[in-house]
Amino acid sequence: MDQISSYVSRKSGSFPTLMARKSEAYLPVSTKPQSKFRMKALLGHCLYRRVVIWTVVVIVLLSVTLFNPRLTARSRDVLDLVHGAKGDIKDSHHVAEGTGIQKQQGDQAQEQEQEQEEIKEDEEEKKEDEEDELLPETVNGPHWLRYRHLDGYYNGLRALVPFSQYKPEYPKISSTRRTSEPSPTAHHTTPPKPSVYRPEPDYDSDEYQKSYVPVKRCYIDSDKKIPAPDLYAYNGIPQGQPKAAIGSYDVLGIREDVCFDRFGRYGAYGLGYDLEVGGTGEALDTEHEGSETVWENSGRINYEGVDWAEAQESCYRTNEDRFFTGNETRDFELAQAGRRKMDRIAVVIRTYVGFQWTSHALLNFRAMVNELNLRTGGEYDIHFLLHVRDNNAPIWADPATVQNILDVNVPPEFHGLCTLWSEAQMKLYYPGNFGDTFENPSNGDIHGVYRSAHMPLQHFAMMHPEYAHFWNWEMDMRWTGSYYELFDRLGKWGAKQSRLGMWERASKYYIPGLHGTWDNFTELVEHETQQSGKRPILGSVVFTGKSGLEDGDTFLPASCATGSDMKQCGVGEDADLITLNPLFDADESGWVFAGDVTGYDKQYQKPPRRCAIVTASRLSRRLLRVMHEETWRLHHSMFSEMFPPSMALHHGLKAVYAPHPVYLDRRWPQQEIENAFNGGRDHTSGGHGSPFDLTNEHNHKGTSWYYNSEFAGLLWRRWLGYAQMDGRGDNGGRAGEGTKRGGQKEEEDPQNSGRLCLRSMLVHPIKWENPAEHE
């Protein structure tokens, strides 16, 4: 374990990027005075004028109130706009008897009066709530600095309640619609006990084995004595913990009624016990009451000498009969007979020479191999794509050079999972003149990782035909729940999505507190698309200067054939691209790299483009084949986050944005979330007003998922048990300001609620974990 501890203290190499040079000067300060409504406009000096104006106003208000049922309905849903536009107003029930009619009219009048009162109460309460949520107007900075911080994230295990009793601190629900007032925070004298959490199918059940080849158990060690361990979760949620402001658990099929603490999540992988017995030595200086439960079944596993590549390969070989092979002819034959076969998926983690491996990084990637490969019978394989910055290193010619690079830069347990690459190698693999570039704000080389991170992934996919899909992943991302549940549910959700309205839905953040259900959201997007006057995108797009593929753009499935129910178009078809942020229209978006387009004829306009910020995404083999051909044959490329979505757009492949739960650190009013994150062209995240505009990206700083987030790291480290500055302070508070909160002393205090327990959530970026790494 001395080898492991040597990685903890290693300093990371420099990795300069254009984004690192962004200035906080881009955080705007609004100085525009608010316009005031002047009553003098209606109360002139002329008596006749006043009488006529007030008479007309009263008549109009009475008419609207009495004859427009939409204004007297209880729903304040944003989709009222959709139904109003469609004239979707249900006729009231007709009563034949005259007395019944009179009674009904009286009842309706009474109901309308009551509903008007409720609406008025709602509006007054909403106004009061929003005023309560705001700090004084003297705050100098962007609008979100005036929103008060949320505290419920830091309620711990002693505040745990069953999900049926859970009341979130945010978003607030108006009193006329809630069944009861929020319950007071629970306070257990001892923390509850966690349970084994298994989101995988019951592989031993008769139901599973009737349809699929049985799954054989996999082990961590070569002697097959240490089976793949479980992770643990708590049934319930700490009272008051806020709900996600963006995205949804329910839509994706991820459980939201359980939470994870640090020991249930990482105890199986070495958290909470010493290096001398095979652990990492992390969390020994944090609160740990009741943590022993997570080792009752597995014991404290000794990770000294573990070889994850060997364990992963052994698991696949043991279960090889379950999977397709990657050979199209053979796989067609396998699909016709016997029980159902499964595709295999690669998770490709992007790392580089000089990356600082820490004990927490070990925990994270041990979890990934165990949960995605060993516990699923080999359904996923984990790979590290290691960028070698020295272009003179003969990484494809000299095994000794490769081994030396691995010894210096990667813990031994992961050596066998690494594939090395360099930019010099990409120049050999994709030779030739790529032509002119419209814009190159980073001044980088077209084969460089910053502008063309897709190139080595394309090469990797061509070398590994056994995989149907490839998750592109980064080292500074964390997921508090089961990796299997995340990747499995996202893939299944993507397959269920219709191609009809696909690009339009993917261009917009889903805000459940404003948009309502996913069906409501879908209707809203349809309405907004109609209002924009644009036709929904279906299939490949045509533009001036487009070059076709050798085999054509024939990617629409049979369910999209003429005469079919178009709502079913693409349903059941695996998504070619699954992103974790919206697929926005880069044109006029203000995104700094929107014009980084290479190899297209500059006498024409830039080709249509879509982009998803943060490169984490799942790409299908056929999308990567398209990208590969566009690169080697047509010498086309775009900036890393723009090339895969744009190729899917050009050639009619299936692309979706998966609305995973994203949390906000402050009490944003719901409409302000919409204004900030869907403030682009036609109420989307693209075009003018995009949240990805360089001057608008500050809105993401308080989110749990974005490359410039300040909240993600703060919440993650508090969850790990480390004291952090709480971000509260003068002028609204920012990261690193305020009072130090959390940590062992606070979590152990009987008056506090104990260690944190969070629902499954993605957090990014996590640049450091143990405060000792940051000092």
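How many salt bridges does the structure hold? The count comes to 39 salt bridges in this model, which is predicted.

Side chains of opposite charge can pair when their charged atoms come close. The table gives three such pairs, with the N to O distance of each.

| Salt bridge | N to O distance | Accessibility of the acid | Accessibility of the base |
|---|---|---|---|
| E289 and R158 | 3.6 Å | E289, 34%, partly exposed | R158, 6%, buried |
| R375 and D230 | 3.0 Å | D230, 12%, buried | R375, 16%, buried |
| D488 and K492 | 3.2 Å | D488, 7%, buried | K492, 45%, partly exposed |

D488 and K492 are four residues apart in helix α15 (residues 483–496), so about one helical turn separates them. Salt bridges that share partners also join R198, E200, D230 and R375 into one network. Within that network, the salt bridge between R375 and D230 has its closest N and O atoms 3.0 Å apart. R375 is in the loop between α11 (359–372) and β7 (380–387), and D230 is in the loop between α6 (206–211) and β3 (231–235), so the pair ties together parts 145 residues apart in sequence. The salt bridge between E289 and R158, at 3.6 Å, likewise links distant parts of the chain: E289 belongs to the loop between α8 and α9 (308–318), R158 to the loop between α5 (98–133) and β1 (160–161), and their positions lie 131 residues apart.

R262 is in helix α8 (residues 262–266). Its relative accessible area is 0%, so R262 is buried. The side chain of R262 makes a polar contact of 3.3 Å with that of T286, and the R262 side chain also reaches the backbone oxygen of L720 at 3.3 Å. Beyond four places in sequence, the contacts of R262 include E287, W719, E747 and R755.

Aromatic pairs number 47 in the structure. One of them, Y208 with Y212, is stacked, at 4.8 Å centre to centre and 20° between the planes. Both rings belong to buried residues: Y208 has 9% relative accessibility, and Y212 has 19%. Y450 and F593 are edge-to-face, because their planes stand at 85° with the ring centres 5.8 Å apart. This pair links distant parts of the chain, 143 residues apart, with Y450 in the loop between α13 (423–429) and α14 (454–463) and F593 in the loop between β12 (584–585) and β13 (597–598). Y450 is partly exposed at 26%, whereas F593 is buried at 0%.

Charged side chains also sit over rings. R322 lies over the face of Y203, 5.7 Å from the ring centre, and the charged end of K602 is over the ring of F438, 5.9 Å from its centre.

Key
Residues numbered from 1 in each chain as written. Predicted model: local features only at pLDDT ≥ 70, side-chain atom pairs only at ≥ 80, totals over all residues. Heavy atoms only, no water. Helix = DSSP H or I, 4+ residues; strand = E, 2+ residues; numbered from the N terminus. Buried < 20%, exposed > 50% of the residue type's maximum accessible area, 1.4 Å probe, protein only. Polar contact = N/O pair within 3.5 Å; in protein donor to acceptor, adjacent residues only side chain to side chain. Contact = heavy atoms within 4.5 Å. Phe/Tyr/Trp six-rings, centres within 6.5 Å; stacked < 30°, edge-to-face > 60°. Lys NZ or Arg CZ within 6 Å of the ring centre and 35° of its normal. Salt bridge = Lys/Arg side-chain N within 4 Å of Asp/Glu carboxyl O.
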